[in-house]
Amino acid sequence: MNPRNNLRLMLFPHPFQGHMNSMLQLGRILYARGFSITIVHTNFNAPDPSSHPHFAFRSIADGIDQSEASTPDVRGLLALLDVRCAAPFEECMREMVSPRGGGDAAPIACLISDSMFSFTSSVAQRLKVRALVLRTGGAAFLYVATLFPVLKEKGHVPVLGSRSEEPMKEFLPLLVKDILTVDPQKPESSSGVIINTFEELEHFDLALLREALPVPFFPTGPSHKFHVASSSSSSLAEDRSCISWLDKQSPKSVIYVSFGSLAALSKAEILEIALDLADSEQSFLWVVRARSVHDPEWLEKLPSRFLEALEGRGNIVKWTPQKEVLARPAVGAFWTHSGWNSTLESISEGAPMLCMPRFADQGVKARYVSDVRRIGVHLNGGLERENIARAIKRLLVEREGEEIKERALAMKEKASVSV
Ligand code: UDX
């Protein structure tokens with residue numbers, strides 16, 4: 001560990017789990033480089049200070065109540081957080097930069113905020129504090145998002161939510177249906193962008209970004225692999241029993257199924273996934289978050305065909321220590337929603353992916369995994385019995401799966417070099 005350098009960084013993570021993880025990981029890296037770290041966080045999904053004893057924590061009152069916090073409308077909640085956090089954040093920052101406000105603390109050298117908040121750069125400007133933003137979604141998606149307004153002007157952009165299989169000529173190999181969101185943020189309004197990716201993985205996309213935008217880009221490396229003072233950043237309780245269960249399974253025999261911290265599943269989707277897993281004849285570890293299903297009796301209502309498979313070769317948990325899960329030899333494939341953290345974690349462990357994007361940036365990520373890096377299979381046809389059975393076979397049984405695994409392991413090697 002380097003000696004303390006008497007400079008304090010103020011980190012302001014977005015409270016969604018995938019975003020919180022990236023910021024806390026960045027904090028660990030910067031702490032190891034000698035900076036003091038203060039995490040300013042919302043009350044909603046607050047991190048646990050006891051898991052990060054080296055950081056100072058300050059909370060801001062976001063005013064999000066129980067019913068607002070549990071809404072399935074993720075976009076609505078995002079917008080609400082952006083509006084409600086602006087004033088309390090400014091007040092907190094003003095206090096921290098005032099001569100008395102920091103107490104004994106070192107002065108704030110820089111603010112690093114999640115790019116999902118729209119107001120932080122202007123607050124920092126008003127208070128004359130240097131500011132960087134953290135992009136938690138990697139370079140390729142940001143580049144696509146950067147060109148979106150131009151394409152829109154030319155009338156080339158698709159209608160969001162389109163299921164069109166047409167290729168997007170400007171962004172091959174993306175298909176029109178891969179664009180699940182239009183990212184409204186403007187990275188050029190900050191003085192620099194820290195980006196949760198690594199050069200060896202996204203060298204090409206980083207080069208395009210550097211050419212396109214007049215701000216410096218700093219890739220973090222696969223920050224979850226950085227082990228100094230490593231600890232869990234999860235706000236949900238991890239069920240560790242799945243690790244000993246995994247260790248009893250044969251190598252590469254288990255499909256790990258998880259769709260991140262936000263996506264909800266309908267009754268029909270739960271049923272389809274259950275039957276797909278039953279028919280796959282493979283062992284499986286399935287994460288079903290408490291808030292991702294609405295019916296508390298969903299499990300009992302599943303057909304006996306699935307319940308027998310579960311009894312014999314399956315395991316369902318509410319939340320796992322995912323990075324550890326992906327590193328277990330038993331995991332043969334990761335059925336994922338293609339969130340960026342999950343994608344990076346999978347790449348870092350050489351686990352081939354079955355990609356089923358749900359919303360936001362996930363469509364672009366899934367297409368890159370399947371068609372550009374070729375370290376996974378895209379469930380193009382969505383949740384359809386034959387489609388899934390075919391994809392699982394391709395990954396776990398056929399020769400193609402071995403080639404995918406070889407490429408995934410080569411990528412893992414690059415990731416570990418870049419840590
Ligand atoms: C969201 C978006 O979906 C994603 O596309 C965007 O890039 C970041 O914000 P989320 O949906 O939660 O995030 O997905 P992801 O980015 O994959 O993050 C999920 C995190 O939760 C991962 O770090 C993963 O390790 C963790 N996790 C997931 C667990 O620790 N345990 C689990 O059981 C499941």
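Me: How many polar residues does the shell around the ligand have?
Reply: The shell around the ligand has 16 polar residues, plus six nonpolar and three charged ones. (Nonpolar means Ala, Val, Leu, Ile, Met, Phe, Trp, Tyr, Cys and Pro; charged means Asp, Glu, Lys and Arg; the others, Gly among them, are polar.) This is a predicted model: local features need pLDDT of at least 70, side-chain atom pairs count only at pLDDT 80 or more, and totals for chains, interfaces and linings use all residues. Residues are numbered from 1 along each chain as its sequence is written.

Me: Which residues come nearest to the ligand?
Reply: Gly-18, Gly-260, Gln-322, Gly-339 and Ser-342, out of 25 around the ligand. (Near means a C-beta atom, placed from the backbone, within 6 Å.)

Me: And which helices supply at least two residues of that shell?
Reply: α1, α10 (322-327) and α11 each do. (Helices are DSSP runs of H or I, at least four residues, and strands runs of E, at least two, numbered from the N terminus.)

Me: Stay on α11. At what angle do α11 and α14 pack?
Reply: About 100°, with their axes 6 Å apart. α11 covers residues 340-349, and α14 covers 399-418. (Axes are lines fitted to C-alpha atoms, for helices over the stretch in contact; angles run from 0 to 180 degrees between N-to-C directions.) That makes α11 roughly perpendicular to α14, a label for 65 to 115 degrees (under 35 is roughly parallel, over 145 roughly antiparallel, the rest oblique).

Me: Which residues in α11 and α14 meet?
Reply: Ile-347, Ser-348 and Glu-349 in α11 meet Met-411, Lys-412 and Ala-415 in α14. By class, this contact has three nonpolar, one polar and two charged residues.

Me: New topic. In what order do the seven strands of the open sheet come?
Reply: β3-β2-β1-β4-β5-β6-β7, with parallel pairing. (Strands pair if DSSP finds at least two bridges between them.) The edge strands are β3 (56-60) and β7 (217-219), each paired on one side only. The twist averages 25° from one strand to the next.

Me: How many bridges pair β2 with β3?
Reply: Five, in the parallel sense, with β2 spanning residues 36-42. Thr-38 stands opposite Ala-56 in β3.

Me: Which strands does α1 touch?
Reply: Helix α1 (residues 17-32) packs on the sheet and touches β1, β2, β4, β5 and β6. Its direction makes about 165° with that of β2. (Contact means C-beta atoms, placed from the backbone, within 7 Å.)

Me: Where's the bridge partner of Trp-286?
Reply: In β10: Ile-316. Four bridges join the parallel strands β9 (283-287) and β10 (314-317).

Methods. Contact = placed C-beta atoms within 7 Å.
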